[in-house]
Amino acid sequence: MGNTTSCCVSSSPKLRRNAHSRLESYRPEPELSREDTGCNLQHISDRENMDDLNMECNPSDHPRASTIFLSKCQTDVRDKRKSLFMNHHPRGRAERKYSSCSTIFLDDNTVSQPNLKYTIKCVALAIYYHIKNRDTDGRTLLDIFDEKLHPLTKSEVPPDYDKHDPEQKQIYRFVRTLFSAAQLTAECAIVALVYLERLLTYAELDICPSNWKRIVLGAILLASKVWDDQAVWNVDYCQILKDITVEDMNELERQFLELLQFNINVPSSVYAKYYFDLRSMSETNNLSTPAEPLSRDRAQKLEAISRLCDDRLKDVRKAVKKRWLSAESVAVPRWVPAIVS
């Protein structure tokens with residue numbers, strides 16, 4: 001039997017064993033290219049490169065990809081730190097409270113129950129950095145998000161509406177009005193930010209002064225329907241924004257979904273990544289929730305929750321161990337005859 005070339009382009013295991021048994025240096029056969037073998041199957045390295053490329057381009061889909069808003073705020077953060085270092089004014093350092101052996105300071109902001117006011121401020125700051133550090137080269141602007149073509153109020157839009165970037169307070173007031181009127185939760189704000197960055201990535205858009213209100217409105221509208229059990233209807237937003245029509249809201253939602261390619265799934269890992277990146281951005285911008293000393297009642301609640309989590313973890317480990325228990329690991333007592341002397 002001679003060497004034959006298979007579809008995986010390698011010699012047989014039997015020939016390799018014979019080569020090593022004769023104590024001779026094994027020399028593998030030269031590999032043939034996919035063109036020579038006639039195989040057009042995609043190589044695994046090509047698929048890995050494609051996954052890495054998609055991961056870099058779609059941070060709202062992959063937990064290991066860096067969020068866009070966090071990268072956009074790095075430049076301003078470096079400038080602020082440099083200015084504070086040059087002027088020797090560590091702003092915000094004196095107000096920060098640190099824990100000690102006798103006192104522990106905690107806030108009421110967790111990944112499972114975020115603080116509503118704090119989360120809205122962080123999301124507004126992320127949108128502010130998106131607008132401020134935008135790159136409009138090669139980007140397209142869709143008419144459905146243009147505030148002049150689809151105004152939110154009956155008042156006339158100023159001619160230079162697309163020239164001036166909104167302030168962070170203006171964005172915060174707009175988002176806070178929608179959340180307070182619709183009674184939305186803090187988790188909905190994080191999901192809306194995920195949808196916003198997914199829209200900018202999928203549709204290759206940039207959020208700018210002329211379209212930021214309608215993009216934020218579409219993201220909040222979709223997030224409220226996906227996240228909350230009792231979703232807010234489009235007509236409810238028409239009652240919040242008095243001058244907008246139901247037809248306009250329906251068209252905004254429809255095109256938003258089409259640009260997202262109907263991908264409204266937000267994994268828990270992606271949600272947690274956005275939450276912690278928002279916290280990191282808030283820390284660098286001296287925006288944090290007030291911390292309070294740990295009281296006895298709250299410490300007991302935390303201890304009870306920790307004990308409950310430990311008990312559940314032990315139950316899971318027992319279930320897994322029992323599931324994978326094999327016959328070889330079972331110790332059966334052997335019968336030993338007794339010797340009577």
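Okay, let's start with helix α12: its buried residues pack against α4 (68–72), α6 (116–132) and α8. Buried here is under 20% relative accessible area, exposed is over 50%, and partly exposed is in between, with a 1.4 Å probe and protein chains only. Helices are DSSP runs of H or I with at least four residues, strands are E runs of at least two, and numbering goes from the N terminus.

Quick caveats. This is a predicted model, so to speak about local features we need pLDDT of at least 70, and side-chain atom pairs count only at pLDDT 80 or more, while totals for chains, interfaces and linings use all residues. Residues are numbered from 1 along each chain as its sequence is written, and side-chain values use heavy atoms, with hydrogens and water left out.

Back to α12. The buried set includes Val270, Tyr274, Asp277 and Met281. On length, the 17 residues should span 24 Å at 1.5 Å a residue, and the end C-alpha atoms sit 25 Å apart, which agrees; the expected span is 1.5 Å times one less than the number of residues. Just past the helix, Asn286 has a positive phi of about 55°.

Now, how far is Asp277 from the nearest side chain of opposite charge? That side chain is Lys273, 6.0 Å away, and Asp277 is buried with no salt bridge. A salt bridge needs a Lys or Arg side-chain nitrogen within 4 Å of an Asp or Glu carboxyl oxygen; for charge, Lys and Arg are positive, Asp and Glu negative, and His and the chain ends aren't counted. Beyond its neighbours within four places in sequence, Asp277 is in contact (heavy atoms within 4.5 Å) with Thr67, Phe69 and Leu70.

Over in α8, residues 186–202, there's Glu197, buried at a relative accessible area of 0%. Leaving out residues up to four places away in sequence, Glu197 touches several residues, among them Thr67, Phe69 and Tyr274. Glu197 and His130 also share a side-chain polar contact of 2.9 Å. That term means N or O atoms within 3.5 Å; within protein, one must be able to donate a hydrogen and the other to accept it, and sequence-adjacent residues count only if both atoms are side-chain atoms.

Last bit, aromatics. Rings of Phe, Tyr and Trp (its six-membered ring) pair if their centres lie within 6.5 Å; planes under 30 degrees apart are stacked, over 60 edge-to-face, the rest tilted. By that rule we get six aromatic pairs. Phe174 and Trp212 make an edge-to-face one, 5.5 Å centre to centre with 75° between the planes. Phe174 is in α7 (168–182) and Trp212 in α9 (212–227), so the pair ties together parts 38 residues apart in sequence.
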